[in-house]
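The following exercises concern one protein chain and are to be worked through in order. Please examine the sequence and the structure before reading each solution.

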Amino acid sequence: MKNHVWLLIFTLLLAGNLAGCQKSEKNSTTDTAARIPLDFLPALYGDYFKLDSEIVGRPYHIYVRFPEGYDETADRRYPVVYLLDGDSLFPILAANHLFLHYDDQIPEAIVVGIAYGSFEPGVNMRSYDFSTAAADGDPEQGGAADFLAFLERELLPRVESSYLADSQQRILFGQSRGGHLVLYSAFAQPDLFRGRIASNPTFLPNKEQFHAAPARTDREDLTLVVTSGSDDHYPQLREDALAWHERWKERGDAPWSIAFSSIPGGTHAASSVDSYRFGMNRIFEREIRAMRQKLAEARSAATH
């Protein structure tokens, strides 16, 4: 009888130990998985840092995607693409940049995602950061000036001192409310970015500011891209974008070359990839043409 009791106790202890081992092994696996960096996703290989903004008074999570073959000891510089709403757009557009380089011959670039680290309203302050002040004094809007100052005086210097970044080849991409910030930057500080892409932008509040005269510029290589999906489920945005383009294509005082695309079947958010591709092809039109000519000459030489 005693033998049976001890056998039962031993069996229970063994089962408990095994369960404990399995739990520890599971926790270890989970902890390891949580620590796996983006280094194991080669299309997103790069860097990350947290930037506590003194200007805005809040932190941002900054993700950096390196160009293919990036060598920090190399004597070269790359264009830098800054993505607003990096929480969602960085994984999509930074990875897709590689395929645009392969297929469309757009230049390889450093891609920087500016993220909040959450979609929670108390943390993700995009509605405030990306909007100019409303006439009604809405406290949920009006942070665009400070956010643009954060870009100019805190983020851009940090990126350009840390990576092989070409300060004359900056691109800014924003979707929806982010597009509002892109437009604001184009009018307030045209020279800060060589190229800008406003994907299905929100023109409110104060859409009249985007029909006024922009600030003076010293550059002659600036491009402002605006896209609008034909099936945007916010009809007012579509209407405002078409009206903006109609007005600006008749004016001669734009400091940037304007490229407008009405994306057939395009929706509000899902067409960001189409907007990015169109915009990059227009901004780097000259470089793409030169690269295609070079490839054509190389193929011709190989056949003779």
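**Exercise 1.** Determine whether asparagine 200 is buried or exposed, and describe its backbone.

Solution. Step one: asparagine 200 is buried, because its relative accessible area is 2% (buried means under 20% relative accessible area, exposed over 50%, partly exposed in between, with a 1.4 Å probe and protein chains only). Step two: asparagine 200 is found in the loop between E6 and E7. Helices and strands are DSSP runs numbered from the N terminus, with helices (H or I) of at least four residues and strands (E) of at least two. Step three: the phi of asparagine 200 is positive, about 45°, although this residue is not a glycine. Most residues other than glycine have a negative phi, and most peptide bonds are trans. Step four: proline 205 also lies in the loop between E6 and E7, and a cis peptide bond with an omega of about 5° joins leucine 204 to proline 205.

The model is predicted: local features require a pLDDT of at least 70, side-chain atom pairs count only at pLDDT 80 or more, and totals for chains, interfaces and linings use all residues. Residues are numbered from 1 along each chain as its sequence is written, and side-chain values use heavy atoms, with hydrogens and water left out.

**Exercise 2.** State what the pLDDT of the chain averages, and describe residues 1-33.

Solution. Step one: the average pLDDT of the chain is 89, and 88% of the residues score at least 70 (pLDDT is the predictor's confidence in each residue, from 0 to 100). Step two: residues 1-33 have a pLDDT below 50, and this stretch has zero contacts in the model beyond near neighbours in sequence (contact means heavy atoms within 4.5 Å).

**Exercise 3.** Summarise the chain as a whole: its secondary structure, its buried share and its contacts.

Solution. Step one: the secondary structure comes to eight helices and eight strands. Step two: of the 304 residues in the chain, 46% are buried. Step three: among contacts with a separation of 6 or more, 73% are between residues 24 or more positions apart.

**Exercise 4.** Describe the span of helix H5 and find which elements its buried residues pack against.

Solution. Step one: helix H5 covers residues 177-188, twelve residues in number, and reaches 17 Å from its first C-alpha to its last. This is close to the 16 Å expected at 1.5 Å a residue (the expected span is 1.5 Å times one less than the number of residues). Step two: eleven of the twelve residues of H5 are buried, including Gly178, Leu181, Tyr184 and Phe187. Step three: the buried residues of H5 pack against helices H3 (126-129), H4 (144-162) and H6 (235-248), and against strands E5, E6 (195-199) and E7 (223-229).

**Exercise 5.** Place arginine 65 in the fold and identify its contacts.

Solution. Step one: arginine 65 belongs to strand E2 (residues 59-65). Step two: arginine 65 counts as buried because its relative accessible area is 1%. Step three: leaving aside neighbours within four places in sequence, arginine 65 is in contact with residues including Tyr45, Phe90, His97, Glu108 and Val111.

**Exercise 6.** Which residues are closest to the centre of the largest pocket, and which elements give two or more residues to its lining?

Solution. Step one: the largest pocket holds about 290 Å³ of space. On a 1 Å grid over the protein atoms alone, a pocket is an open set of points where a 1.4 Å probe fits, with protein on both sides within 12 Å along at least five of seven lines; lining residues have an atom within 4 Å of a point. Step two: 16 residues line the largest pocket, and the closest to its centre are Arg76, Tyr78, Pro79, Pro107 and Glu108. Step three: strand E3 (78-83), strand E5 (165-175) and helix H8 (285-302) each give two or more residues to this lining.

**Exercise 7.** Is phenylalanine 278 buried, partly exposed or exposed, and which residues does it contact?

Solution. Step one: phenylalanine 278 lies in helix H7 (residues 272-283). Step two: phenylalanine 278 is partly exposed because its relative accessible area is 22%. Step three: apart from neighbours within four places in sequence, phenylalanine 278 is in contact with Val225, Thr227, Ala259, Phe260 and Ser261.

Terms used: Grid points are joined across faces, edges and corners, and a volume is the space filled by probe spheres set on the points.
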